[in-house]
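Subject: Structure for you to look at, with notes

Dear colleague,

I am passing on the structure we spoke about, so that you can have it open while you read. Please look through it first; my notes come straight after.

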Amino acid sequence: MCPSACSHHSRIIRNLLGELAEKNLRLNEKLTHMGQRTTRAKLMSYFSAEAQRRGGYEFDIPFSRQQLADYLGVERSGLSLELGKMRDEGLLDFHKSHFLLKAPETDGLPPSTR
């Protein structure tokens with residue numbers, strides 16, 4: 001810091017510390033996702049965090065399939081296969097980078113009649 005402790009330098013330091021804190025949180029979150037054992041668990045961890053961050057079960061992600069696979073540390077083909085299985089099981093629906101998380105249908109009845 002400069003000897004006079006000017007407001008400009010204080011603001012720069014505050015901004016830098018804020019950026020470092022945000023990056024640290026993002027990296028910790030990524031480690032949480034990557035630490036899951038299966039591709040499905042990694043996807044569910046990531047999607048759950050995105051839904052919470054966006055405040056709803058429908059959201060867009062900032063990744064292509066290849067970028068999402070790289071982010072989660074999985075093969076793109078395995079990721080796409082797992083996404084297809086999850087869609088077939090009624091866990092989610094998607095189109096490109098737009099996702100909708102759903103409650104699984106366990107008894108064949110629509111959620112409103114359970």
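What follows is a description of the helix packing, the salt bridges and the sheet.

Please keep in mind throughout that this is a predicted model.

I begin with the helix α2, since much of the rest refers to it. Helix α2 covers residues 39-54, and its 16 residues reach 22 Å from the first C-alpha to the last, close to the 22 Å expected at 1.5 Å a residue. After the helix comes Gly55, which has a positive phi near 75°. Within α2, the buried residues are Lys42, Leu43, Ser45, Tyr46, Phe47, Ala49, Glu50 and Ala51, and what covers them includes the helices α1, α3 (65-72) and α4 as well as the strands β1 (58-60), β2 and β3 (98-101).

One of these neighbours, helix α1 (residues 7-34), packs against α2 at an angle of about 145°, and the two axes lie 7 Å apart. On the α1 side the residues that meet α2 are Glu29, Thr32, His33 and Met34, while α2 brings Lys42, Ser45, Tyr46, Ala49 and Arg53 to the contact. Sorted by class, this contact of α1 with α2 consists of three nonpolar, three polar and three charged residues.

The charged residues lead on to the salt bridges, of which the structure holds six. As a general point, side chains of opposite charge can pair when their charged atoms come close. Glu29 and Arg53, both named above in the contact of the two helices, form one such salt bridge, with 2.4 Å between the closest N and O atoms. This pair links distant parts of the chain, Glu29 being in helix α1 and Arg53 in helix α2, 24 residues apart. Glu29 counts as partly exposed because its relative accessibility is 25%, and Arg53 counts as partly exposed because its value is 45%.

Arg40 takes part in two salt bridges that you may want to view together. In one of them its side chain meets that of Glu82, at 2.6 Å from N to O; here Arg40 lies in helix α2 and Glu82 in helix α4 (residues 76-88), 42 residues apart, and the pair again links distant parts of the chain. Arg40, at 23% relative accessibility, counts as partly exposed, whereas Glu82, with a relative accessible area of 13%, is buried. In the other, the side chain of Arg40 meets that of Glu89, at 2.8 Å from N to O. Glu89 sits in the loop between α4 and β2 (92-95), so this pair ties helix α2 to a part of the chain 49 residues away in sequence. Glu89 is partly exposed, with a relative accessible area of 43%. Elsewhere, salt bridges that share partners join Glu29, Glu50, Arg53 and Arg54 into one network.

Turning to the sheet, the structure has an open sheet of three strands in the order β1-β3-β2, paired in the antiparallel sense. The strands β1 and β2 are its edges, each pairing on one side only, and neighbouring strands are turned by 15° against each other on average, direction ignored. In general, strands of a sheet pair through backbone hydrogen bonds, either parallel or antiparallel. Here β1 and β3 are joined by three bridges, and β2 and β3 by four. Between β1 and β3, Glu58 has Leu100 as its bridge partner and Phe59 stands opposite Phe99; Phe94 likewise stands opposite Phe99 in β3. The hairpin of β2 and β3 has two residues between the strands, and in this hairpin Lys96 takes a positive phi near 55°.

Which residues of β3 belong to its covered face, and which to its uncovered one? Phe99 and Leu101 make up the covered face, while His98 and Leu100 make up the uncovered one. This can be read alongside the general rule that in a regular strand the side chains alternate between the two faces of the sheet.

The sheet also brings us back to the helix with which I began. Besides meeting Phe99 across from it in β3, Phe59 belongs to the pairing of strands, and α2 packs on this sheet, touching β1, β2 and β3, with its direction at about 100° to that of β1.

With best wishes

How values were computed
Residues are numbered from 1 along each chain as its sequence is written. This is a predicted model: local features need pLDDT of at least 70, side-chain atom pairs count only at pLDDT 80 or more; totals for chains, interfaces and linings use all residues. Side-chain values use heavy atoms; hydrogens and water are left out. Axes are lines fitted to C-alpha atoms, for helices over the stretch in contact, and angles run from 0 to 180 degrees between N-to-C directions. Contact means heavy atoms within 4.5 Å. Ala, Val, Leu, Ile, Met, Phe, Trp, Tyr, Cys and Pro count as nonpolar, Asp, Glu, Lys and Arg as charged, and the others, Gly among them, as polar. A salt bridge is a side-chain nitrogen of Lys or Arg within 4 Å of a carboxyl oxygen of Asp or Glu. Buried means under 20% relative accessible area, exposed over 50%, partly exposed in between (1.4 Å probe, protein chains only). The expected span of a helix is 1.5 Å times one less than its number of residues. Two strands pair if DSSP finds at least two bridges between them.
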